[in-house]
Amino acid sequence: MSEALITAKVLHDCGHINLRGRRNDAAFVAAVESVCATSLPQALTTAASGDLRIYWLGPDEWSLVTTAEKTAALLAALNGATAGMHVAVNDLSAAFVTLALGGSKVRELLAKGCTIDLHPAAFASGACAHTGLAKAGVLLALQHVEFRLIVRRSFADYLLQWLHRSGAEYGIEFV
Amino acid sequence: MLLIKCPHCGERAETEFSYGGEAGIQRPANPDALNDAEWADYLFNRKNPRGMHAELWNHAQGCRRWFRVERDTVSYLISDSREL
């Protein structure tokens, strides 16, 4: 068997926190940024700090992904820092499955089921987009050369089967 | 396939959006004062123009926000899209 052109891995050690608040509320932004030790990402981008990745979801909504172990502490820190503010901080860890996709043909595979432009010039490291992949709603992000795919748990089995079949021609390997 | 410009996410395929009908419909400030015809007009009667139409779209598979689009119903040209 030749070397796999795509590798896929389900990341089990992830915690997801959904954060909502007003971008133009300076106190809110400052509180979150001091807890996260990074800036809140602007539209269609991500930010990273250690184990934490922050994905932009909408003009007043972000997804914070860290290790399962650190999720409870991050949730408590965010709740503490934003107490009394007009915000919503929710632990949605059980709702999502996170996949890491890498390899030389991963853009070609994703392009089979996705309508956004995945050319390296249009979708570079640090980009993220909530979009459709094979009709399933997914959060797609790129960090250096590794794609992250975050999908609702109820769609994960379907999406893994789709990746398995659509990636067959590239010798996709699930690690 | 339409390319619709979401004011937050940029141009995306039509399949990511859901249509929300005519934009700019205001709920009457004092519904009790309306007669049946006026209430029916608010609830049911919509413009169906040949040409430019102001409409609501929701970026359902993206940022999930509602926004307003000006679309030509003949040429499908989208001339404007903006936040509500």
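## Close-up views of chains A and B

**View 1. A salt bridge ties the two chains together in this predicted model.** Here Asp60(A) makes a salt bridge with Arg65(B), and their closest N and O atoms sit 2.2 Å apart. Between chain A and chain B, the salt bridges come to 3. Polar contacts turn up here too: 8 residue pairs across the interface, with both residues of a pair at pLDDT 80 or more. On the chain A side, three strands, S4 (52-58), S8 (128-133) and S9 (136-143), each bring at least two residues to the surface that touches chain B. S8(A) gives the largest share of that side, with 4 residues. Sort the side of chain A that touches chain B by class and you get 8 nonpolar, 6 polar and 4 charged residues.

**View 2. Here is the contact between chain A and chain B, counted by residue and by area.** Chain A puts 18 residues into the contact, and chain B puts in 11. About 1000 Å² is buried between the two chains, and carbon and sulfur atoms account for 44% of that. Which residues of chain A lose the most area to chain B? They are Pro59(A), Thr115(A) and His130(A), together making up 37% of what the chain A side buries.

**View 3. Six strands of chain A line up in an open sheet with mixed pairing.** Reading across, the order is S8-S9-S10-S7-S1-S11. At the edges stand S8 and S11 (173-174) of chain A; each has a single partner strand, so one side of each goes without a neighbour in the sheet. S8(A) and S9(A) run antiparallel and are joined by 6 bridges. If you want a spot to look for, find Cys128(A), which stands opposite Ala141(A) in S9(A). Helix H4 (residues 153-166) of chain A lies across S1 (7-11), S7 (96-102), S8, S9, S10 (146-152) and S11. How does H4 run relative to S10(A), and at what angle? The answer is about 135°.

**View 4. Chain A also has an open sheet of 5 strands, with antiparallel pairing.** The strand order is S3-S4-S5-S2-S6. S3 (46-49) and S6 (88-91) of chain A take the edges, and each has just a single partner strand, so one side of each is left with no neighbour in the sheet. From one strand to the next, the twist averages 20°. S2 (residues 15-20) and S6 of chain A run antiparallel, with 4 bridges joining them. Asn18(A) has Asn90(A) in S6(A) as its bridge partner. Helix H1 (residues 26-36) of chain A lies across S2, S3, S4 and S5 (61-66), and runs at about 160° to S2(A).

**View 5. Zoom in on the hairpin made by S3(A) and S4(A).** What sits between the two strands? There are 2 residues there, and Gly50(A) in the turn has a positive phi of about 60°. The strands S3(A) and S4(A) run antiparallel, and 4 bridges join them. Among the residues to pick out is Ala48(A), which stands opposite Arg53(A) in S4(A).

**View 6. Chain B, the partner chain, has 1 helix and 6 strands.** Starting from the N terminus, its elements go β-β-β-α-β-β-β. Along the principal axes, the C-alpha atoms of chain B fill a box of roughly 45 × 30 × 20 Å.

Notes:
Residues are numbered from 1 along each chain as its sequence is written. Chains are lettered from A and ligands numbered from 1 in the order in which they are written. This is a predicted model: local features need pLDDT of at least 70, side-chain atom pairs count only at pLDDT 80 or more; totals for chains, interfaces and linings use all residues. Side-chain values use heavy atoms; hydrogens and water are left out. Contact means heavy atoms within 4.5 Å. Buried area is the accessible area (1.4 Å probe) that two parts lose on being put together, summed over both. A salt bridge is a side-chain nitrogen of Lys or Arg within 4 Å of a carboxyl oxygen of Asp or Glu. A polar contact is a pair of N or O atoms within 3.5 Å; within protein, one must be able to donate a hydrogen and the other to accept it, and residues adjacent in sequence count only if both atoms are side-chain atoms. Ala, Val, Leu, Ile, Met, Phe, Trp, Tyr, Cys and Pro count as nonpolar, Asp, Glu, Lys and Arg as charged, and the others, Gly among them, as polar. Two strands pair if DSSP finds at least two bridges between them. Axes are lines fitted to C-alpha atoms, for helices over the stretch in contact, and angles run from 0 to 180 degrees between N-to-C directions.
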